[in-house]
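Welcome, and please have your viewer ready. Let us take a friendly walk through this model together.

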Amino acid sequence: AYREKLAATNPEDDPQGFKRLRSAYEEACRYAREPEDTEPEEASRDTTPSGLWLEKAVEIYGNIRSRQDVGLWKELFDDDTFLSLEEEEECREKLLRFLTEHFKLPTEVWKLFDRKLSIVKDARKLREKFPANFMHFIIGRCERGEDLDFTQFQGPEDGDYDQFLEHYDRCWQALHEDRLDEAQVCLQSADALGIRHPVMEISRANVLARQGRMQEAVALLEEQLVRYPKDAMVSYNFAEMLWSRREERGSYGRRAAELYQELKAGNDSHYMANMRLAQWHYEKGQYRDAKKCAEKVLAAGSDDAFMDLLVKINAELEKGLESDYRQNKGWESGLELCWCYLQDGKTARGIRLAQELEKILPPQKEAEYYGLMAKLYGTAPGSGLPIPSPRRGGPPGARMRRTMARAAGGRRRRPRRGAA
């Protein structure tokens, strides 16, 4: 019955009717979950000092503007009730219990909570009182923060923002699981609350794209970028949507590459931007640019598919580098070629070439050279090739000896006490 009514009720044409329909549906769901032989009990007010203190916290949380105001939360923690030895622990426990169901907070507030409530520090003790999944969640928020920017909310101050974000979470999960109808219902439910945020517009654009309405999806996210210039979340999700459809239209790939370049300009180590740009530059024949992006990905770790791409990039670079080294015997092309051989698993070839380079490398490249040799020997232990020693006279230093010992396949360890 709900689905039949939903199909006939457009939230844009009849927002009040949609609200009534959705409220009736949610009330029916709540009623279905309640045992028949029980009646809801009205909770009695907690008039203890800590209970009255918690009421202030609930009031701050209930308004989306005050919820973001770190100053108001600081005033709450400066309250005499919280500072008293008799009530501090009660206040902490009651606030944490409130957070088990009301946990949509900006990063700055989570950081303050951690300082005042010692969440991370006292995690072991708190796990004895609170569910493990809740503790895992709030510790993550205290340490890493909240991805969502609360300042971007638009809507009534006393709106149900927790419900809005619940609709967003369900919508994104539905999209991830290819349940498009459910994602649409979540969008409609969120719209009925009169609240807007770019994360929901990203979801809306993905729904439009999957419906084959790609031009509308692109226009929607371009509009979001005008409203929130260089917003990393909008830019990344927009780029990913375009990238996945770049074969449908060349302009999608070009626009995606532009967005990835902007993300990389803001964060040179942006993992996905570097991964996509490595592919993009390779497809365009821009192998050096592809290699620069690929090295950023390698620094963070990569999968087999990306390593296959790296092999292809190196293969193209090696053609030119090998030709240049044969003709000019320049150390620059030779050293770059050695790194390509290392990444491609051509360690024996890399070691032989590196040994040739030892005599022509400038002094400022010595540290890089020995680092390269350490990696080459480390990936090809037992090759039978001699490990070089520093060229500039005298025995290698302690750091170099350790590096070369590790390269040879063993790590020198300090003898344990009592050992010979």
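What follows covers helix packing, the nonpolar cores and two backbone angles.

This is a predicted model, in which local features need pLDDT of at least 70 and side-chain atom pairs count only at pLDDT 80 or more, while totals for chains, interfaces and linings use all residues. Residues are numbered from 1 along each chain as its sequence is written, and side-chain values use heavy atoms, with hydrogens and water left out.

**A helix pair**

Two packed helices are described by the angle between their axes and the distance between the axes. Helix 17 (residues 271-283) packs with helix 19 (residues 304-328) at an angle of about 40 degrees, and their axes are 11 Å apart. Helices here are DSSP runs (H or I, at least four residues), numbered from the N terminus. Axes are lines fitted to C-alpha atoms over the stretch in contact, with angles from 0 to 180 degrees between N-to-C directions. Helix 17 and helix 19 are therefore oblique to each other; angles under 35 degrees count as roughly parallel, over 145 as roughly antiparallel, 65 to 115 as roughly perpendicular and the rest as oblique.

Which residues meet? From helix 17 come M275, A278, Q279 and Y282, and from helix 19 come F306, L309, K312, I313 and E316.

**The nonpolar cores**

A nonpolar core is a set of buried Ala, Val, Leu, Ile, Met, Phe, Trp, Tyr and Cys residues joined through side-chain atoms within 4.5 Å. Buried means under 20% relative accessible area, exposed over 50%, and partly exposed in between (1.4 Å probe, protein chains only). The largest nonpolar core has 56 residues, of which F238, M241, L242 and Y260 touch the most other members. Helix 19 gives the most to this core, with seven residues. Apart from it lies another core, of 29 residues, including W110 and F113.

Helix 21 (residues 347-357) has T347, G350, I351, L353, A354 and L357 buried. These buried residues pack against helix 19, helix 20 and helix 22 (366-379), where contact means heavy atoms within 4.5 Å.

**Two positive phi values**

Most residues other than glycine have a negative phi. Here are two residues with a positive one.

| Residue | Phi | Loop | Relative accessible area |
|---|---|---|---|
| S118 | about 55 degrees | between helix 8 (107-117) and helix 9 (123-126) | 22%, partly exposed |
| K329 | near 55 degrees | between helix 19 and helix 20 (331-344) | 48%, partly exposed |

Definitions and conventions:
Helices (H or I, at least four residues) and strands (E, at least two) are DSSP runs, numbered from the N terminus.
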